[in-house]
Amino acid sequence: MEQISTLFVHKLVDVALGGELANHSQRRDWLESVGLDPNSPVDPKCMIRDIVYYELCERIARESDLGMTLPLKAGGSVCCDDYGAFGLAWKSAINLRGSYQRAERYARVLSSVAIFEVVPDGAKTYLMMHWEGSRSLGLRLSNEQTMAEIVKLSREVCPQSFAPEAVYFKHQSPGSTAAHEKYFGCPVHFGADRDALVVTESALGKSNLLGDLALSKFFDTHMEQELRELSDDSGLSKRVRIQISQALSEGVPTVTEIARRLGMSGRTLQRRLSEQDLSFKILVDESRRELAERLLEETDYALTEIAFLTGFSEQSAFNRAFKRWAGKTPRSYRLGA
């Protein structure tokens with residue numbers, strides 16, 4: 001069961017109430033629809049189900065005058081202090097790279113839905129977001145809101161004006177992209193093969209305005225404690241599946257290889273999976289199926305390419321496996337999708 005901080009609910013509602021629906025009854029209606037008390041203070045540690053949040057995103061987009069600009073407005077309304085200890089850890093990081101690394105490690109305290117990954121690539125770096133779930137309108141809106149928040153927080157801590165090099169979304173364009181390009185200040189690509197923010201190494205290396213080594217260490221310690229307060233293995237299967245999916249183009253990975261990517265030994269990973277009655281072999285199978293279905297639905301890659309990307313050396317083996325998974329051939333599945 002994936003969860004999202006109710007902080008983001010309040011941001012959506014507050015932004016929408018700046019429009020023509022600015023009245024107390026509407027606020028109460030929206031908050032109570034997701035089980036929140038309108039009179040209670042905002043608590044970033046208070047969580048709701050992801051699907052409930054997505055439904056609220058869709059509803060507010062329909063009922064407010066913001067429409068598809070809702071996630072940009074909501075994302076642009078945040079500041080570091082809204083996020084409690086996480087925001088202070090972000091703000092006190094020595095540079096923007098340090099802030100992004102904190103998102104990579106600590107974002108779980110705010111949401112178990114998206115996993116962040118910092119991926120260097122020569123003179124630029126990708127801040128990748130890995131999302132679980134079907135690409136409903138609500139998830140798409142939440143995705144754009146998260147990306148807008150990352151850019152807003154980056155602008156808050158950077159000593160100079162900040163704009164990413166590019167923004168990528170897996171989902172299709174909402175129609176006009178003018179509002180997105182104006183907000184992000186860069187090309188925005190929809191229907192891409194990733195959800196990611198691209199930033200230059202130069203921008204990542206600049207000192208944050210309030211970067212402080214002592215404070216940074218203090219909040220790292222605090223955030224580590226918050227992570228420990230969560231279930232140690234919360235989201236473990238998801239993190240394992242993501243790493244498996246990324247490794248499949250080089251062949252089916254071993255448990256030792258995936259454990260190394262997660263910063264632990266193979267024996268430790270096996271033990272933690274066993275404690276949750278999880279099987280590494282089954283997670284590999286699930287990862288291959290999820291990746292295959294996504295590639296068939298969202299790309300026009302040839303079946304031989306998809307077989308390779310999902311760790312099969314021959315298309316015939318891929319065809320047999322996929323029929324076992326889905327009850328139909330890859331070609332039939334693609335036509336149906």
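How many cavities of 30 Å³ or more does a search of the whole structure find? The search finds 2. The model is a predicted one. Its open sheet has 5 strands, and its largest pocket has a volume of about 1400 Å³. The points below take the sheet, the helices on it, the empty spaces and one loop residue in turn.

**The sheet**

- The strands of the open sheet follow the order β3-β4-β7-β5-β6. Their pairing is mixed.
- β3 and β6 (188-189) stand at the edges. Each has a single partner strand, so one side of each is left without a neighbour in the sheet.
- β5 (residues 166-168) and β6 run parallel, joined by 2 bridges.
- Tyr168 has His189 of β6 standing opposite.

**Helices on the sheet**

- α6 lies across three strands: β3, β4 and β7 (196-200). α6 runs at about 140 degrees to β3.
- α11 also packs on the sheet, where it touches β3 and β4. The direction of α11 makes about 35 degrees with that of β3.

**The largest pocket**

- The volume of the largest pocket is about 1400 Å³. Its lining has 36 residues.
- Closest to the centre of this pocket are Lys170, Asp193, Leu291, Arg294 and Glu298.
- α14 supplies the largest share of the lining, 7 residues.
- β3 (114-121), β4 (124-131), α11 (236-247) and α14 each give at least two residues to the lining.
- By class, 15 residues of the lining are charged, 11 nonpolar and 10 polar.

**The second largest pocket**

- The second largest pocket has a volume of about 720 Å³. It is lined by 22 residues.
- Glu104, Arg105, Arg108, Arg239 and Leu262 are the closest to its centre.
- At least two lining residues come from each of α6 (96-106), β3, α10 (213-229) and α11.
- The lining of the second largest pocket has 10 nonpolar, 10 charged and 2 polar residues.
- β3 and α11 supply residues to the largest pocket and to the second largest pocket.

**The largest cavity**

- What is the volume of the largest cavity? It is about 250 Å³.
- The largest cavity is lined by 20 residues. Phe8, Ser111, Phe116, Thr146 and Glu149 lie nearest its centre.
- α7 gives the most to this lining, with 6 residues.
- α5 (85-92), β3 and α7 (137-157) each supply at least two residues of the lining.
- The lining of the largest cavity divides into 15 nonpolar, 4 polar and 1 charged.

**A loop residue with positive phi**

- Most residues other than glycine have a negative phi.
- Asp277 has a positive phi of about 55 degrees, although it is not a glycine.
- Where does Asp277 lie? Asp277 is in the loop between α13 (266-275) and α14 (280-298).
- Is Asp277 buried or exposed? Its relative accessible area is 74%. Exposed means over 50%, so Asp277 counts as exposed.
- α14, at one end of this loop, is also the helix that gives 7 residues to the lining of the largest pocket.

Technical notes
Residues are numbered from 1 along each chain as its sequence is written. This is a predicted model: local features need pLDDT of at least 70, side-chain atom pairs count only at pLDDT 80 or more; totals for chains, interfaces and linings use all residues. Side-chain values use heavy atoms; hydrogens and water are left out. Helices (H or I, at least four residues) and strands (E, at least two) are DSSP runs, numbered from the N terminus. Buried means under 20% relative accessible area, exposed over 50%, partly exposed in between (1.4 Å probe, protein chains only). On a 1 Å grid over the protein atoms alone, a cavity is a set of points where a 1.4 Å probe fits but cannot get out, and a pocket is an open set with protein on both sides within 12 Å along at least five of seven lines; lining residues have an atom within 4 Å of a point. Grid points are joined across faces, edges and corners, and a volume is the space filled by probe spheres set on the points. Ala, Val, Leu, Ile, Met, Phe, Trp, Tyr, Cys and Pro count as nonpolar, Asp, Glu, Lys and Arg as charged, and the others, Gly among them, as polar. Two strands pair if DSSP finds at least two bridges between them. Contact means heavy atoms within 4.5 Å. Axes are lines fitted to C-alpha atoms, for helices over the stretch in contact, and angles run from 0 to 180 degrees between N-to-C directions.
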